[in-house]
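User: I'd like to learn how to read a model like this one. Can you walk me through it?

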Amino acid sequence: MSDDSRDPTLPHHAHQARLAAAEALRRKAGWQPRPGQGGASHLEHLRAQERRHQGQQAYAEAAFCQPCALARAESGDDSALCQNHLAQALGLR
Ligand SMILES: [Zn+2]
């Protein structure tokens, strides 16, 4: 949340009334903040998408990765990854 909407020329009680009106609007079913207003959750959504994409990318590369093949052979786990691709799949790179 930013304080950009605060208007210093308004008396305090007018600001409070505006906050209350905004809060009432938020409580209405189906009301969603516009993109760029509910900033944090929108950004979080984008990051989650990116992590999913990185995970898919890591598994795609792992199919042709020698250390990954070794990790699969050693662990007997078809989904085993080498350190690099494991980190990528977890979104650490
Ligand atoms: Zn690998």
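User: What pattern does the chain follow, read along the sequence?

Analyst: Elements come from DSSP: helices are H or I runs of at least four residues, strands are E runs of at least two, and both are numbered from the N terminus. Here the pattern is α-α-α-α, so to speak 4 helices and 0 strands. This is a predicted model, where local features need pLDDT of at least 70, side-chain atom pairs count only at pLDDT 80 or more, and totals for chains, interfaces and linings use all residues. Residues are numbered from 1 along each chain as its sequence is written.

User: Which helix has the lowest mean pLDDT, and which the highest?

Analyst: pLDDT is the predictor's confidence in each residue, from 0 to 100. Helix α1 (residues 12-27) has the lowest mean among the elements, 79, while α3 has the highest, 97. The chain averages 82, with 77% of the residues scoring at least 70.

User: How far apart are the end C-alpha atoms of α1?

Analyst: You get the expected span from 1.5 Å times one less than the number of residues. For the 16 residues of α1 that gives 22 Å, and the end C-alpha atoms are 23 Å apart, which agrees.

User: How many residues of α1 are buried?

Analyst: Count other C-beta atoms (placed from the backbone) within 10 Å of a residue's own: 20 or more is buried, 12 or fewer exposed, in between partly exposed. In α1 the count of buried residues is 0; helix α3 (residues 66-75) has 1 among its 10 residues. Over the chain of 93 residues, 6% are buried. Just after α3, Gly 76 takes a positive phi of about 70°.

User: Which residues form the largest nonpolar core?

Analyst: In soluble globular proteins, nonpolar side chains tend to be buried together. A nonpolar core is a set of buried Ala, Val, Leu, Ile, Met, Phe, Trp, Tyr and Cys residues joined through C-beta atoms within 7 Å. The largest one here has 5 residues: Ala 58, Ala 62, Cys 68, Leu 81 and Ala 89. Leaving out residues up to four places away in sequence, Ala 89 touches Gln 54, Gly 55, Ala 58, Tyr 59 and Leu 81; contact means C-beta atoms, placed from the backbone, within 7 Å.

User: Is Leu 92 buried or exposed?

Analyst: Leu 92 is exposed, because 9 other C-beta atoms lie within 10 Å. Leu 92 sits in the segment after α4, and its C-alpha atom is 9.4 Å from that of Gln 54, 38 residues apart along the chain. Leu 86, in helix α4 (residues 83-89), counts as partly exposed because it has 16 C-beta neighbours inside 10 Å.

Definitions and conventions: Two residues are in contact if their C-beta atoms, placed from the backbone, lie within 7 Å.
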